[in-house]
Amino acid sequence: MKLITHAGGVRSKWWAVFRRAAVAEWGELFASVRESLVRRKFAAVPLATAATALVLLFSVLQHLPGGDRLVSDIGVVKAALPLDVSLLRTPLSLYVPALDLPVWGALAQVFLVFGVAEIVLGRRLTLVVAYVCTVAGTLFARVGVALGPHHALGFPRWVAHVRDTGPSAAVVALAVVVAFRCRAWWTGGAVVLAMALEALVLPNLAGLEHLVAISAAVLIAVWVEVFGDYWPRVLTGVGAAASVAAQRRTRAVITP
């Protein structure tokens, strides 16, 4: 009986430690997301809903007769394509899922991560992070092909003809920025570590693009943290100064 009690006490102790750690790590994030979803439900995440619908649409479309050609013409990016064509297709390429991966995984990732990011970061910053980090990965692929297979970050020429699409780089980048914003350092570190291990175990284009996306995401997160409210403060100060000046002019006119 004592052993059972002791074991139960140990389990309770470990559960209490885990609960405190979880609250410290995810408490702010969970509270923000829960409050927004309870208050507005799906209206709180229109961007995530639209992004998930686009991934599903492109997945269905590219498996229809003639659909793969249409998707390739409007949303498939390859390093072999001219740069201007790749940049024009990049906004849609984010929503074109990989052919060799189950689409339900992409749908779940996009809805969950885009939804949390939309609530925590706001719609505008979510889009900026998603597209900037996706473009960074696209440009890195071109640089890697140009460097060639003999360079540490280079790729063989055939990689230039590999489809470079999907939301994974954007999802990873958004997860890192959200973790940075909410000070969920262990979560952010786990994402970075997982992507680094992926690049080591499976050294391919996608793995290295994920690391490039993380690097770009960290730069964006630091920039927003340091300069995010700079211009709003400047504009507020200018508005306050203009208001004071207007009041002084009014008093000068009224005073005989």
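This tour moves through three helix packings, two pockets and one cavity of a predicted model.

**First stop: α2 against α5**

Begin by selecting helix α2, residues 46-61, together with α5, residues 103-121. The two helices pack at an angle of about 165 degrees, and their axes are 8 Å apart. Angles over 145 degrees count as roughly antiparallel, and α2 and α5 are therefore roughly antiparallel to each other. Looking along the pair, the viewer should show α2 passing α5 in a right-handed crossing. To display the contact itself, pick P46, L47, A48, T49, A51, T52, V55, L56 and S59 on α2, and then V103, A106, L107, V110, F111, F114, G115 and E118 on α5. Coloured by class, the residues of this contact divide into twelve nonpolar, four polar and one charged.

**Second stop: α5 against α7**

Keep α5 selected and add α7, residues 168-181. Here the packing angle is about 35 degrees, with the axes of α5 and α7 10 Å apart, and the crossing of these two helices is left-handed. On the α5 side, select Q109, V110, V113, F114, V116, A117, V120 and L121, which meet A170, V171, L174, A175, V177, V178 and R181 in α7. The contact of α5 with α7 has 13 nonpolar residues, accompanied by one polar and one charged residue.

**Third stop: α8 against α9**

Now select helix α8, residues 185-201, and helix α9, residues 205-227, whose axes come within 8 Å and cross at roughly 150 degrees. That angle makes α8 roughly antiparallel to α9, and their crossing is left-handed. From α8, the residues to show are V191, V192, M195, A196, E198 and A199, while α9 contributes G207, L208, H210, L211 and I214 to the contact. By class, the contact of α8 with α9 comprises eight nonpolar, two polar and one charged residues.

**Fourth stop: the largest pocket**

Turn next to the open spaces, and centre the view on A98, L101, T165, S168 and A206, which, among the 34 residues lining the largest pocket, lie nearest its centre. The volume of this pocket is about 870 Å³. The elements that give two or more residues to its lining are α5, α6 (residues 123-147), α7 and α9. Which of the elements gives the most to the lining of the largest pocket? With five residues, α9 does. If the lining is coloured by class, 17 nonpolar, twelve polar and five charged residues should appear.

**Fifth stop: the second largest pocket**

For the second largest pocket, which has a volume of about 210 Å³, select W26, L29, L112, V113, V116, A117, A175, V178, A179, A184, T187 and V191 as the lining. Two or more of the lining residues come from each of α1 (residues 2-40), α5, α7 and α8, and the largest share, four residues, comes from α5. The lining of this pocket has eleven nonpolar residues and one polar residue, with no charged residues.

Several of these side chains will already be familiar from earlier stops. V113, V116 and A117 of α5, with A175 and V178 of α7, belong to the contact between those two helices and also line the second largest pocket. V191 likewise lines this pocket, and on α8 V191 takes part in the contact with α9.

**Last stop: the cavity**

How many cavities of 30 Å³ or more are there? The count comes to one, and about 50 Å³ of space lies in this largest cavity. Select L121, L125, V177, F180, R181, I220, A221, V224 and E225 to display its lining. Both α7 and α9 supply at least two of the lining residues, and the largest share, four residues, comes from α9. By class, the residues around the cavity divide into seven nonpolar and two charged, with no polar ones.

With the cavity still on screen, bring back the contact of α5 with α7, where L121 of α5 and V177 and R181 of α7 are among the participants. L121, V177 and R181 are also among the residues that line the largest cavity.

Definitions and conventions. Residues numbered from 1 in each chain as written. Predicted model: local features only at pLDDT ≥ 70, side-chain atom pairs only at ≥ 80, totals over all residues. Heavy atoms only, no water. Axes fitted to C-alpha atoms, helices over the stretch in contact; angles between N-to-C directions. Parallel < 35°, antiparallel > 145°, perpendicular 65-115°, else oblique. Left-handed = near helix turned anticlockwise from the far one by under 90°. Contact = heavy atoms within 4.5 Å. Nonpolar A, V, L, I, M, F, W, Y, C, P; charged D, E, K, R; others polar. 1 Å grid on protein atoms, 1.4 Å probe; cavity = no way out; pocket = protein on both sides within 12 Å on 5 of 7 lines; lining within 4 Å. Points joined across faces, edges and corners; volume = space filled by probe spheres on them.
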